[in-house]
Amino acid sequence: MKNKKLGKLYKDGETIIKQGTPGNCLYVIQGGRAEVIYETTKGEVKIAELKESDFFGEMGLFQQDVRSCTVRAVGETNILTVDKKSLL
């Protein structure tokens, strides 16, 4: 990561959000990539790969619900977190 960003830097393979945990914010990828994984009893299913400027977890801002998927960093990934108070 060449430019200093406001968010948190995640290492390759590090979990950003975990399926089944409560959500209350959204995440914006400032640099790098992340993979969206659905965890099943038979293993993991890769749903999507996200890149810079993509966002995820937005339903956590509007609903009191648990995360439907796990999101992990692919390589070094910088993530900005936005909570409901900051958004409003």
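A residue is called buried when its relative accessible area is under 20%, exposed when that area is over 50%, and partly exposed in between. By that rule, both Tyr-27 and Phe-56 are buried. The model described here is predicted. This briefing covers its core, its aromatic pair, its salt bridges and a surface patch.

**The nonpolar core**

- The largest nonpolar core has 14 residues.
- Seven residues touch the most other members: Ile-16, Ile-17, Tyr-27, Ile-29, Phe-56, Val-71 and Ile-79.
- Strand 2, strand 3 and strand 6 each give this core at least two residues.
- Strand 3 supplies the largest share, five residues.
- What does Ile-16 touch, once neighbours within four places in sequence are set aside? Its contacts are Tyr-10, Tyr-27, Ala-34, Phe-56, Val-71, Arg-72, Ala-73 and Ile-79.

**The aromatic pair**

- A pair of aromatic rings is described by two things: the distance of the centres and the angle of the planes.
- The count here comes to one aromatic pair.
- That pair is Tyr-27 and Phe-56, with ring centres 5.2 Å apart and planes at 10°.
- Planes under 30 degrees apart count as stacked, so this pair is stacked.
- Tyr-27 sits in strand 3, while Phe-56 belongs to strand 5 (residues 55-56). The pair therefore ties together parts that are 29 residues apart in sequence.

**Salt bridges**

- How many salt bridges does a search of the whole structure find? The search finds seven.
- One of them joins the side chains of Glu-39 and Lys-18, at 3.0 Å from N to O.
- Glu-39 lies in strand 3, and Lys-18 lies in the loop between strand 2 (15-17) and strand 3. This bridge therefore links parts that are 21 residues apart in sequence.
- Glu-39 has a relative accessible area of 25%, so Glu-39 is partly exposed. Lys-18, at 37%, is also partly exposed.
- Another bridge pairs Glu-44 with Arg-72, and their closest N and O atoms are 2.9 Å apart.
- Glu-44 is in strand 4 (residues 43-50) and Arg-72 is in strand 6 (residues 70-83). Parts that are 28 residues apart in sequence are tied together by this pair.
- Is Arg-72 buried or exposed? Its relative accessibility is 17%, which is why Arg-72 counts as buried.
- Glu-44, at 48% relative accessibility, counts as partly exposed.
- Glu-49 and Lys-46 form a salt bridge too, with the closest N and O atoms 2.8 Å apart.
- Both ends of that bridge are partly exposed: Glu-49 at 35% relative accessibility, and Lys-46 with a relative accessible area of 47%.
- Which residues are joined into one network by salt bridges that share partners? They are Arg-33, Glu-35, Glu-44, Lys-46, Glu-49 and Arg-72.

**A nonpolar patch on the surface**

- Tyr-38, Val-45 and Ile-47 form a nonpolar patch on the surface. Together they have about 280 Å² of accessible area.
- Tyr-38 is found in strand 3 (residues 25-40).
- The relative accessibility of Tyr-38 is 39%, so Tyr-38 counts as partly exposed.

**Strand 3 across the topics**

- Strand 3 turns up under several headings. This strand holds Tyr-27 of the stacked pair, Glu-39 of a salt bridge and Tyr-38 of the surface patch.
- Strand 3 also gives five residues to the largest nonpolar core.

Notes
Residues numbered from 1 in each chain as written. Predicted model: local features only at pLDDT ≥ 70, side-chain atom pairs only at ≥ 80, totals over all residues. Heavy atoms only, no water. Patch = residues over 30% accessible without salt bridge, like charges linked within 9 Å, V, L, I, M, F, W, Y side chains within 5 Å. Areas by Shrake-Rupley, 256 points an atom, 1.4 Å probe, with all protein chains shown as cover. Salt bridge = Lys/Arg side-chain N within 4 Å of Asp/Glu carboxyl O. Helix = DSSP H or I, 4+ residues; strand = E, 2+ residues; numbered from the N terminus. Buried < 20%, exposed > 50% of the residue type's maximum accessible area, 1.4 Å probe, protein only. Phe/Tyr/Trp six-rings, centres within 6.5 Å; stacked < 30°, edge-to-face > 60°. Core = buried A, V, L, I, M, F, W, Y, C linked by side-chain atoms within 4.5 Å. Contact = heavy atoms within 4.5 Å.
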